[in-house]
Amino acid sequence: MNVIQIENLWKEYRLGVISHGTLSRDLQSWWARLRGKEDPNSKLQPMLAGQEKQIEGDHFWALRDINLEVKEGEMLGIIGRNGAGKSTLLKLLSRITAPTKGQIKVKGRIASLLEVGTGFHPELTGRENIFMNGAILGMSKKEIKSKLDEIVDFSGIEQFIDTPVKRYSSGMYVRLAFAVAAHLEPEILVIDEVLAVGDADFQKKCIGKMGEVTQEGRTVLFVSHSMSMISTLCEKGVLLIDGKVAKYGQISDVVLAYYESISDTKRTSVQAEFFSDGSCRFVSAAIASKNKIDTREVDLGSEIKIIMIYDLLKETENLYIPNYHIFTAEGQYVCCVNSPRVKPMKLGRYRAQCVIPPFLLNEGAYTVGVAVTSLDLYCSDLRGQQTVHFYEKDILSFNVVDSKIPDDWNYGVIMTVPGVVRPRLSWTIEKTA
């Protein structure tokens, strides 16, 4: 069942202007929006299908033609660059601001945690703010009292609960605000980047609590610039670029699309003729699986081939060593893979292929850097003098997916397994008594 349905949503702002300048114009604009008509005071012409982001004078579109459905019990990650429209979307969902066009249909109560101190009255104590927030959510005083001890215990600020919140640090604000939002049982929980203010222990508690919330059938919308946190928490995601939905689907696909959007490199294969130091020149690289080159998606149970073409332009006594550097989409270094130390080669074009065996890398998005280095065998340093001829980081990317075929290893159960690697290891299980 859908608990949030967004249809043809647009949001327009005027740069540096709070209102139209006169009460009559504000009322004209309000009445036009109420009837679903065009704003008579807008200087913008209606945007046509396929047009790019339009800015004219002091107007711009923060969100453009957003269509989105969120199901009950889903944790949806929302990612994008600064200014992409993430916070604007959450403010519209939380009814802090109104859409210019389109509509949002919501089933259930929404609790929002958008900015430090949002929804708190600075002159009231922490305890009084808990009751105020609960009342805003439509809860009775008795219901709030039944949750009070749990909220205070989770926040970890019991000794300050009767202190006015204006004296709280930003971390204390976030602790109490999250505890209130998560424990007063809203059907939909909306969280912006604000959790980054908390310390590591509290973030861990929040992550655990959000998992509990979704297991109880409630819905969470989560905005973060931490791709590792988004990937850990969410199964589905949406990528916003310039106020539009650029990608919606499985979170690993969305994270990969995000890294592609901020990178100058394009991804499952790449060709160039200028990565050279005069001795060795990069030509091309690609990902292959199941005899398909330039593939974006590879199965957990299939081999993954990383292929690089390079030219040797200068004969030396050194050992040329192709190598690959594999990272998760969040930037975690998985491994550096060097080729065997081959004897000096003749001039010409070479193809270096590395095979990652099945059931090694876990599900998720990965990037690959390619390089060729050489070692001077006659260097006085026993480890050799290394020269890097070229190194191009994150020049390739691919996505590992689980085909979900039931077998003896997962017992027919579809589940997400944590970790970067997911090897099949030898086991022995025997009865000892």
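This is a short talk on two lysines and one surface patch.

A word on the source: the model is predicted.

Start with K11. You will find K11 in strand β1, which covers residues 2-14. Does K11 count as buried or exposed, and what is the nearest side chain of opposite charge? K11 is buried, and it has no salt bridge. The nearest side chain of opposite charge is E12, 7.9 Å away. A salt bridge needs a side-chain nitrogen of Lys or Arg within 4 Å of a carboxyl oxygen of Asp or Glu.

So what sits by the polar end of K11? A polar atom of the K11 side chain lies 2.6 Å from the backbone oxygen of A98. Now the contacts, leaving aside neighbours within four places in sequence. K11 touches F60, W61, A62 and L63. K11 also touches T88 and L92. Then come T97, A98, P99 and T100, again in contact with K11.

Next, K147. This lysine belongs to helix α4, residues 141-155. Its relative accessibility is 17%. Buried means under 20%, so K147 counts as buried. Which residues does K147 touch, not counting those up to four places away in sequence? They are H183, L184 and E185.

Last, the surface. L27, W30, W31 and L34 make a nonpolar patch there. The area of that patch is about 460 Å². Take W30 from this group. W30 lies in helix α1, residues 23-34. W30 counts as partly exposed because its relative accessibility is 46%.

To recap: K11 is buried without a salt bridge, K147 is buried in its own right, and W30 is partly exposed.

Key: Residues numbered from 1 in each chain as written. Predicted model: local features only at pLDDT ≥ 70, side-chain atom pairs only at ≥ 80, totals over all residues. Heavy atoms only, no water. Helix = DSSP H or I, 4+ residues; strand = E, 2+ residues; numbered from the N terminus. Buried < 20%, exposed > 50% of the residue type's maximum accessible area, 1.4 Å probe, protein only. Contact = heavy atoms within 4.5 Å. Patch = residues over 30% accessible without salt bridge, like charges linked within 9 Å, V, L, I, M, F, W, Y side chains within 5 Å. Areas by Shrake-Rupley, 256 points an atom, 1.4 Å probe, with all protein chains shown as cover. Lys, Arg positive; Asp, Glu negative; His and termini not counted. Polar contact = N/O pair within 3.5 Å; in protein donor to acceptor, adjacent residues only side chain to side chain.
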